[in-house]
Amino acid sequence: MLRLYNTLTRQEETFEPLHGNTVRMYACGLTVYARGHIGNFRTFVCLDVLRRTLKYLCGHEIREVINYTDVDDKTIAGAQKAGVPLREYTTQWIDAFRSDADLLGIEQPEESPRATDELNMQAMRDMILALERHGHTYDRDGSIYFKIGTLPTYGRLARLDQQSLHAGASVDVDEYSKDDARDFVLWKASKPGEPAWDCGGFSGRPGWHIECSAMALRLLGEAPIDIHAGGIDLIFPHHENEIAQSEGATKKQFARFWVHVEHLFVENEKMSKSLGNVYTVPDIVAKGFRPSALRYLLLSSHYRKQLNFTWSGMEQAEESLRRVVDFLVRLEGVKGEGRSPDVEAAVARAREAFTAALQSDLNTAAGLAAIFDLVKSGNAAVDAGKMSAADASLVRSTIEDLDRVLGVVSLRRAEDERPPIPVDEIERMIEERKAAKQRRDFAEADRIRASLADRGVLLEDGPSGTRWKKK
Ligand code: AMP
Ligand code: ZN
């Protein structure tokens, strides 16, 4: 049974899906005005482990939605600055996100909606209409607001006392003239030149909070959904407001479990552009590290603890991961006969410790430790000549099985198989080198060879032409 910390109750609780065996979960996705940074990806990697735990360890079916916030102040400003239509501007960041998520071995959720998809816009209008019907809204200067005073349960998730809800404790930055500073915008009047949609005669665009409420309920069905997740900064106001809207519109509980991932820091500082420490996945790769090592690092600490990213931490992660992969290679060479009860016992211990760790609110650090204990005792058994081929195969399949939840070893192996640059690019450069040689431009031919070598590809000239291999 999975025990999961629920921000709503501030307690660990046993998790089971509400309906049958299917878990319906929603995570707030990236605001697509820039490439996602490694802090964003800490949240998405940890939520990927939640998904994989539910799927592979608990045997549930998963229906997961991770949205793209493709309309808000930042996306609109970015598109205007770049001089391209909003949708075109956000598409490039969505593509970059998907590519980085693949590099980090994040499983594709069942649904990845964009807020500006017409069906989602319609769901937002419908929700705003329902809120109007229930008396939760008012309009001012062309914008529609949610009136917090109409919902007595407001503030329950964030545990706000009335004090901190006082006027003046401004919550959203993007509103001008509300009845009460606590109220938040549902539909925001567009300024001239900004993209606009219609909502019952109001020309504007959705507020950020309504996007998630509407997409979650449209794609996951009836409230309550099982799990709603995101980074810890989203508890307030974003998730509090999502609850207000969804519960105000449906009169039902919105989500049963709220899961929040703590922040990633870089060299003990908050990531920020001014400090120049906002790293992306390509930045990490450009420093010579593999995405699998980043995934490992992101899982090396519990998701509810702050994690400090350092370059030496990356080196340690590389080394630790290499130890596991080298051990798996070593096991392939083991030839002995028979079976060792000691190895079987070590395998059973690892499996038990791993399962207990993950079921205990996704303790990935303890899960990794269980794998390392098995690597250690396995290496000792091979050293002592006490491991047979059958034992080796049991140990190998156990590590592979546990890794389905963590996804680090499989990712490293996939990286090892993948060429460091696209094959057609390698082939094009081989052709260029051949042409250079034919015109006796040996300097150019050497330059091409060296440039490929720098990027991890070695060329070998043979009687049947030039072949390439990974360095
Ligand atoms: P955003 O694009 O700002 O809406 O953020 C996308 C997701 O990344 C949200 O769930 C945020 O809470 C999360 N997030 C943002 N910064 C960090 C960070 N430094 N560490 C972990 N998660 C973060
Ligand atoms: Zn959201």
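Which residue in strand 11 is the bridge partner of A229? In this predicted model, the partner turns out to be V259. That pairing belongs to a set of six bridges that join strand 10 (residues 225–231) to strand 11, with the two strands running parallel.

Stepping back, strands 10 and 11 sit in an open sheet of four strands, ordered 4-3-10-11 and paired in parallel fashion. The edges are taken by strand 4 (61–66) and strand 11 (255–261); each has a single partner strand, so one side of each is left without a neighbour in the sheet. From one strand to the next, the twist averages 20°. Helix 6 packs on this sheet, where it touches strand 10 and strand 11, and its direction makes about 160° with that of strand 10.

Helix 6 also brings us to the metal. The zinc ion (ligand 2) is held by four residues, namely C28 through SG, C212 through SG, H238 through NE2 and E242 through OE, at 2.0 to 2.6 Å. Along the sequence, these donor residues follow the spacing C-x183-C-x25-H-x3-E. C212 comes from helix 5 (residues 208–220) and E242 from helix 6 (residues 235–250), so this pair ties together parts that lie 30 residues apart in sequence.

As for geometry, the angles among the four donor atoms run from 75 to 130°, and the zinc site is irregular. For reference, the ideal angle for four tetrahedral donors is 109.5 degrees. Two of the ligating residues are tucked away from the surface: C212 counts as buried because its relative accessibility is 0%, and E242 likewise counts as buried at 0%.

Terms used: Residues are numbered from 1 along each chain as its sequence is written. Chains are lettered from A and ligands numbered from 1 in the order in which they are written. This is a predicted model: local features need pLDDT of at least 70, side-chain atom pairs count only at pLDDT 80 or more; totals for chains, interfaces and linings use all residues. Side-chain values use heavy atoms; hydrogens and water are left out. Donors are N, O and S atoms within 2.8 Å of the metal (3.2 Å for Na, K and Ca); water is not among the atoms, so sites may look incomplete. Four donors count as tetrahedral if all angles lie between 85 and 135 degrees; four count as square planar and six as octahedral if opposite donors are over 155 degrees apart and all others between 65 and 115; anything else is irregular. Buried means under 20% relative accessible area, exposed over 50%, partly exposed in between (1.4 Å probe, protein chains only). Two strands pair if DSSP finds at least two bridges between them. Axes are lines fitted to C-alpha atoms, for helices over the stretch in contact, and angles run from 0 to 180 degrees between N-to-C directions. Contact means heavy atoms within 4.5 Å.
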